[in-house]
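Biologist: I've got the sequence and the coordinates up on my screen. Mind if I fire some questions at you about how the strands and helices are put together?

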Amino acid sequence: MMNDDKAITQTMREYNELLYIMPYNAQHIGDREEQQDYFAYSNLLDPVEVSRSGNAAALADGMGGMEDGQTAAIYGVNAFLSAYLACDASSDAELENGMLDALYAANAEVCRLSGAGATLVAVVVKKNRLHWISVGDSHIYLVRNGVARLLSEDHVFAEELDRMYKDGEITYEQAMEHPERKALTSYLGPPNIERVSRNSGEFPLLKDDVILLCTDGLYRGLSDVEIAEITTEASRKKDDIAQELVNRVLEKHLENQDNVTVLALKMI
């Protein structure tokens with residue numbers, strides 16, 4: 001077993017070989033009466049914690065149609081990060097299992113708030129590899145070479161409607177115009193989470209990659225192409241990527257603008 005000095009030296013050597021992360025974050029209440037988005041990071045400046053657990057970030061969107069949406073978002077994010085940082089993340093498989101266990105821990109906390117709910121997206125970057133998990137309809141993007149790739153899936157009733165259309169059970173118009181098309185089918189809050197999306201296996205990151213986490217207040221106002229263009233331009237100019245994205249959606253003055261929150265992790 002290495003003594004403490006040798007362990008710290010090895011940790012620092014491994015840390016310095018990694019790509020660094022430049023974090024950005026911004027949010028706006030929009031036209032809503034309350035900010036129900038909430039986010040948090042792990043300690044990105046602690047080399048020992050980074051070596052053990054990687055860099056973690058989580059974002060939740062409290063469900064406005066339910067009571068205590070803001071509290072649900074706070075509970076969900078804090079419980080997720082607390083549980084994840086306590087897990088064994090020594091291998092990719094253990095890290096990914098730890099993220100799943102942390103999601104269930106977050107759900108247990110939100111379940112304590114009767115009638116509350118929230119979406120949750122979370123990422124961990126460790127040894128230049130990305131790991132992610134999501135429930136609900138907040139988004140995770142990887143922006144690389146001017147293209148925004150949506151990694152997460154939307155857990156909404158639209159999935160079932162689209163299947164019904166493909167099977168000939170309903171018309172295209174019925175599928176597109178259904179009033180519950182955007183209704184969430186999986187989220188933090190119920191006793192059992194219906195669906196979870198996450199990566200499996202190695203997902204290497206490259207210099208200048210940007211990982212975006214955002215709530216629907218952003219992507220319902222900006223297309224994936226616009227998100228990619230704004231992110232790439234801001235990254236090239238070394239501007240605040242997250243704030244620029246928030247500014248650009250607010251400039252559209254959309255009716256009933258939802259809370260909007262963006263986290264951007266640039267690999268440098």
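Modeller: Go ahead, and let's start with the pairing of β9 and β10: they run antiparallel and are joined by 5 bridges. Keep in mind that this is a predicted model.

Biologist: Which residue in β10 is the bridge partner of Ile211?

Modeller: Ile211 sits in β9, where it points the other way from Val210, Leu212 and Cys214. Across in β10, its bridge partner is Leu265.

Biologist: And how many bridges join β9 to β6?

Modeller: β9 and β6 run antiparallel. One of the pairs puts Val143 with Val210 in β9. The count of bridges joining β6 to β9 is 5.

Biologist: How many of the residues of β9 are buried?

Modeller: In a regular strand, side chains alternate between the two faces of the sheet. In β9, Val210, Leu212 and Cys214 point one way, Ile211 and Leu213 point the other way, and all are buried. The strand is largely enclosed by the rest of the structure, so the number you want is 5 of 5.

Biologist: What is the strand order of the open sheet with β9 in it?

Modeller: We've already got β9 joined to β10 and to β6. The edge strands, each pairing on one side only, are β1 (21–28) and β7 (147–150). With 5 strands and antiparallel pairing, the order is β1-β10-β9-β6-β7.

Biologist: Who is the bridge partner of Tyr141 in β7?

Modeller: β6 (residues 139–144) and β7 run antiparallel, with 4 bridges joining them. In β7, Tyr141 is partnered by Leu150.

Biologist: At what angle to β6 does helix α8 run?

Modeller: Helix α8 covers residues 224–237 and lies across β6, β7, β9 and β10. α9 packs on the sheet too, touching β1, β9 and β10, with its direction making about 30° with that of β1. For α8 against β6, the angle is about 55°.

Biologist: Over to the other sheet. Which strands are at the edges?

Modeller: This one is an open sheet of 5 strands, paired antiparallel in the order β2-β3-β4-β5-β8. An edge strand here pairs on one side only, and that description fits β2 (37–41) and β8.

Biologist: Which residue in β3 stands opposite Phe39?

Modeller: β2 and β3 (residues 55–62) run antiparallel, and 5 bridges join them. Opposite Phe39, in β3, stands Leu59.

Biologist: Which strands does helix α4 touch?

Modeller: Helix α3 (residues 69–85) packs on the sheet, touching β2, β3, β4 and β5, and its direction makes about 160° with that of β3. Helix α4 (residues 92–111) also packs on the sheet, and its direction makes about 25° with that of β5. The strands α4 touches are β4, β5 and β8.

Biologist: How many residues of β5 are buried?

Modeller: β5 spans residues 129–135 and has β4 and β8 beside it in the sheet order. With β8 (residues 197–198), β5 pairs in the antiparallel sense over 2 bridges, and Ser134 stands opposite Ser197 there. The strand is mostly covered, with the buried count at 6 of 7.

Biologist: Which residue in the turn between β4 and β5 has a positive phi?

Modeller: β4 (residues 118–126) and β5 pair antiparallel over 7 bridges, including the one between Val123 and Trp132. The two strands form a hairpin with 2 residues between them. Most residues other than glycine have a negative phi. The turn residue with a positive phi, about 50°, is Lys127.

Biologist: Is Lys127 buried, partly exposed or exposed?

Modeller: Buried would need under 20% relative accessible area, and exposed would need over 50%. Lys127 has 45% relative accessibility, so its class is partly exposed.

Biologist: And what is the relative accessible area of His253?

Modeller: His253 has a positive phi of about 50° although it is not a glycine. Its place is in the loop between α9 (241–250) and β10 (260–267). His253 counts as exposed because its relative accessible area is 70%.

Biologist: Last one: how many charged residues are in the lining of the largest pocket?

Modeller: That pocket holds about 340 Å³ of space. It has 18 lining residues, and those closest to its centre are Gly62, Met63, Gly64, Gly65 and Asp258. The lining has 4 nonpolar and 6 polar residues, and the charged ones number 8.

Technical notes: Residues numbered from 1 in each chain as written. Predicted model: local features only at pLDDT ≥ 70, side-chain atom pairs only at ≥ 80, totals over all residues. Heavy atoms only, no water. 1 Å grid on protein atoms, 1.4 Å probe; cavity = no way out; pocket = protein on both sides within 12 Å on 5 of 7 lines; lining within 4 Å. Points joined across faces, edges and corners; volume = space filled by probe spheres on them. Nonpolar A, V, L, I, M, F, W, Y, C, P; charged D, E, K, R; others polar. Buried < 20%, exposed > 50% of the residue type's maximum accessible area, 1.4 Å probe, protein only. Pairing = 2+ DSSP bridges. Contact = heavy atoms within 4.5 Å. Axes fitted to C-alpha atoms, helices over the stretch in contact; angles between N-to-C directions.
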